[in-house]
Amino acid sequence: ITISINTNATTTNAAHTFRMDDCYLIPAGGITAVGAAIRSSPSPDQAYVALGRCVVQWNETTFTWEAVYIDSADAITAIIEFNDTIYVGFGESNGATPRQYISGSGTTWTTAAINATTTHHDNHARYFVKARNGYGEWALWKAGPSTDQGTERNKIQWSTDPSNTGSWNPSTAFTVGSTSRNITGLYSFEDSFIVTKVDGIWVWDGIINSFIVLTPEWERSIDEENGSVGQNWHGDVFLHTIRQGFFRFSRAGLFDLSPLLVAPRLSDFGGRVTAMSACARELILALDRPLADTTTTKTARLARMRMGDDNRWQIHTTQEPAMALIDTLFFHRDNRLWAFGRTYNADLADYIPAANVWIEPSKTAAPYADTTPVIESTGTFDTSIWHGGAPEENKALIALTIWGEDLDIDHTIAAHFGRDGLVASNYALGTFNGTDRIQTLLFKDINNPVEEAVGHFFQLRFTLTTTNTVSPKLYAFALHTQLVPKPTRAWEVEAWV
């Protein structure tokens, strides 16, 4: 690629010096990341991401993502690894213009030509999934058209060899529901897979040898968002649907987990899941925020979900990457969590790609205690709203005592509070920065304790700050209060008879 920089001040290039701090190119045709694939390699596993019209590969030497394939016209619809080869789909043909899938690795890619007719459906794919076929063979399944120059999006086929020396089976593709209802995703489930469409979840029924729908109620909410995001984890499949739906599909049925992500006071993120990934112990969710996608300051949220000892789901938000939408999440080399997405640039009046990586702890589930921790310099959390079991009575705040560790002038915990509907950061109490494990702050030391530290309801906010990789720790806290009931007036009446 040759980049020329000119000035309109003169037609010559004399006496002009240009300095560039950074530069990157965004090929036209979209920037949405539709997935990632990992190919086994001795040092280390190769990571690929499908981004707009590009396939990019991670370079472990230069620590950069490098474009290894750029399509001339079409955006990628799917990417997957099968038998140590990366397969990339581009959807159906555009009339007489083919959009064949490609296969390969590195900078070597082969265009599908299983059929000599370039627009033949055997050469096209919109989605992929790996699962066994009816003969018990490990196969690659694809969703795509079923006729030459076809646009059908409700057909699937399998192949044990999707290269140009192989074939797709059966010759008459399996049909999943009606032609007018598009497939939105293919997801592995145990040793098989499920199909999601705009109108429901479909599975294979071996008795009638056809796909059947398990969620006929989706017929009333047909949308391309239904099942467009999914992830298998612990033997189940977790799916996103329209209107912030979040479901778990298992052999026992379909379970609605949407309430985990929706609560009246959770205003900093919504229940819409834009991407998922999983490791052995937890499910990672990318959550949208209830802001316009074109908000230049919009950030996404990551949440981690696991099952607790009491068989109840535990979910908590963690990272806040500086991107408006997260489109793809995946793990690489066990401890690298990558997020690919996009953010809006007001100068360009368009979206630009964005990527973040987090190094997961290798020795412990608690990041702060890892051998080489990578932590944020500051973080906050708010407590629940407290009324002491007597919401109708006034309480006076007396003191706040914490039990902590690794506290000093460089590792601090600041305390704020709000009362009776005010935000938790409304009043500043003080900062714990001593070296003792038990420390106390008194509410009488604030500016106006009579007005600010008396109320019916209270909420605390703790802000932890560090200057290095040692994190201040908060193990417990105690809020000392005193009831301040309204004075009761007593009258003494004497009667003489």
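Before I turn to the hairpin, one definition is needed: two strands are said to pair here if DSSP finds at least two bridges between them. With that in hand, and keeping in mind that what we have in front of us is a predicted model, let me begin with strand 17 and strand 18, which form a hairpin with two residues between them. Strand 17 covers residues 230–233 and strand 18 covers residues 236–241, and the two run antiparallel, joined by four bridges. Within that pairing, Gln-231 stands opposite Phe-238 of strand 18, while in the turn His-234 has a positive phi of about 55°.

Let me now step back to the whole chain. The protein has 497 residues, of which 45% count as buried, and its secondary structure consists of one helix and 35 strands. Taken along the principal axes, the C-alpha atoms fill a box of roughly 115 × 80 × 45 Å. The accessible surface comes to about 26,300 Å², and carbon and sulfur atoms own 50% of that area. If one takes the contacts with a sequence separation of 6 or more, 51% of them are between residues 24 or more positions apart.

Next comes a sheet. Four strands, in the order 13-14-15-16, form an open sheet with antiparallel pairing. Strand 13 (183–189) and strand 16 (210–213) are the edge strands, and because each has a single partner strand, one side of each is left without a neighbour in the sheet. From one strand to the next, the twist averages 30°. Looking at one pair in detail, strand 13 and strand 14, the latter being residues 192–197, are matched in the antiparallel sense over six bridges, and Ser-188 has Phe-193 of strand 14 as its bridge partner.

I turn now to the nonpolar cores. Which residues have the most contacts inside the largest nonpolar core? They are Leu-400, Ile-413, Phe-417, Leu-429, Phe-432, Phe-443 and Phe-462, in a core that has 18 residues. At least two residues of this core come from each of strand 29 (395–405), strand 30 (411–419), strand 31 (427–432) and strand 34 (458–466), and strand 34 gives the most, with four residues. For Phe-443, leaving aside residues up to four places away in sequence, the residues touched include Leu-397, Leu-400, Phe-417, Leu-429, Pro-449 and Leu-479. There is also a second, separate core, which has 15 residues, among them Ala-139, Ile-156, Val-176 and Val-195.

Finally, two individual residues that lie in loops. Ser-258 is placed in the loop between strand 20 (253–256) and strand 21 (273–278). Is Ser-258 buried or exposed? With a relative accessible area of 13%, Ser-258 is buried, because the cut-off for buried is under 20%. Its side chain reaches the backbone nitrogen of Phe-246 at 2.9 Å, and, again not counting residues up to four places away in sequence, Ser-258 touches Gln-244, Gly-245 and Phe-246.

The other residue is Ala-390, found in the loop between strand 28 (378–382) and strand 29. Ala-390 has a relative accessibility of 14% and therefore counts as buried as well. As an indication of distance across the model, Ala-390 and Thr-117 are 273 residues apart in sequence, and their C-alpha atoms are 77 Å apart in space.

Conventions
Residues are numbered from 1 along each chain as its sequence is written. This is a predicted model: local features need pLDDT of at least 70, side-chain atom pairs count only at pLDDT 80 or more; totals for chains, interfaces and linings use all residues. Side-chain values use heavy atoms; hydrogens and water are left out. Buried means under 20% relative accessible area, exposed over 50%, partly exposed in between (1.4 Å probe, protein chains only). A polar contact is a pair of N or O atoms within 3.5 Å; within protein, one must be able to donate a hydrogen and the other to accept it, and residues adjacent in sequence count only if both atoms are side-chain atoms. Contact means heavy atoms within 4.5 Å. A nonpolar core is a set of buried Ala, Val, Leu, Ile, Met, Phe, Trp, Tyr and Cys residues joined through side-chain atoms within 4.5 Å. Axes are lines fitted to C-alpha atoms, for helices over the stretch in contact, and angles run from 0 to 180 degrees between N-to-C directions. Accessible areas come from the Shrake-Rupley method with a 1.4 Å probe; for residues, only the protein chains shown count as cover.
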